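Here is a short tour of one part of a fold, written for someone who likes to follow along in the viewer. Have the structure open and read at your own pace.

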Amino acid sequence: MTTGALIFAFDNEQTDYVAMAGWSAERIRRHLKIPTAIVTDADPADRRLAAADQIINATPVSGGTRWFEDYQATVSWHNAGRTDSYSLSPWDQTLVLDADYVVCGNELQTVIDSPQDFMCHRHAYDMTDTNDFDGLNYFGANRMPMWWATVMMFRRSNMAQYIFDCMSMTRENWRHYKDLYHIAGFLYRNDYALSIALGIVSGHTLKTTDIPFPLATVMPEHILTQLDEDFFQIEYLDNKHPKKIAWAGTSFHAMGKKHLGDIVANSC
């Protein structure tokens, strides 16, 4: 059985997602010992993609525009094509990762070794413990549980195909599902599509096989820096008092793109 990682990378006005994906490919190989395929519209010869094992050319699928706190700007978002992961992946078992997910250790090896056909995170948390994630771990007026599309593992199976088919159905009929689940605004998110799909495929029992640890998250308003290869630091305010935390070996999701982009640019 072949196993590999899949990363979608489509640049927008502010963020060099292609460079992030290439940077991540090296980290994935080093910590998880698996190859990486990058889905992108960039030229396969682009030096930013040198660390990737495969390049899959695709047309970006717009998810609309989003306000990014760290940029203090509204930017285009071209990540809605992740619903096509099942059809695009060259692997029998695939680890789908956001380009802004930073692999710092081998925690995901437990996910790769799991016998499940599909897994993702049910809960995320702020690494500084200054933000309550209750509003992000649920969605809609009826507080439906959120499953995070930041990290998804799937094996080729009927179950996995049903989930991605339902995600695509949700994306293609977003206005209907947004109204059905009483989601405010018009913003489409892969997390919404995944959560709705898992509900449908489980027969609305919400019985799922989740990654057995929460998703560590760095918030956009916090300053992320890299101290060493797998050693990172966050500077933040706690009740207006400046604080710092540093860690090594824990993989994390950088919700703010600016600081991670600076880290990647400085490592090239």
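What follows looks at one strand, its partners and the helix that comes after. Please keep in mind that this is a predicted model.

Let us begin with strand E1, residues 3-9. Seven of its seven residues are buried, so E1 is largely enclosed by the rest of the structure. In a regular strand, side chains alternate between the two faces of the sheet. In E1, Thr3, Ala5, Ile7 and Ala9 point one way, while Gly4, Leu6 and Phe8 point the other way, and all are buried.

Which strands does E1 pair with? They are E6 and E2, and the table sets them out with an example of facing residues.

| Partner of E1 | Residues | Bridges | Direction | Facing residues |
|---|---|---|---|---|
| E6 | 93-97 | five bridges | parallel | Gly4 and Thr94 |
| E2 | 36-40 | five bridges | parallel | Ala5 and Thr36 |

Now for the connection between E1 and E2. Together with helix H1, residues 17-32, these two strands make a right-handed β-α-β unit.

How far does H1 reach from its first C-alpha to its last? The span is 21 Å for 16 residues, close to the 22 Å expected at 1.5 Å a residue. Is H1 largely enclosed or largely open? Here 13 of the 16 residues are buried, so H1 is largely enclosed by the rest of the structure. After H1 comes Lys33, which has a positive phi, near 60°.

Conventions: Residues are numbered from 1 along each chain as its sequence is written. This is a predicted model: local features need pLDDT of at least 70, side-chain atom pairs count only at pLDDT 80 or more; totals for chains, interfaces and linings use all residues. Side-chain values use heavy atoms; hydrogens and water are left out. Buried means under 20% relative accessible area, exposed over 50%, partly exposed in between (1.4 Å probe, protein chains only). Helices (H or I, at least four residues) and strands (E, at least two) are DSSP runs, numbered from the N terminus. Two strands pair if DSSP finds at least two bridges between them. A crossover is right-handed if, with the strands pointing away from the viewer, the path from the first strand over the helix to the second runs clockwise. The expected span of a helix is 1.5 Å times one less than its number of residues.
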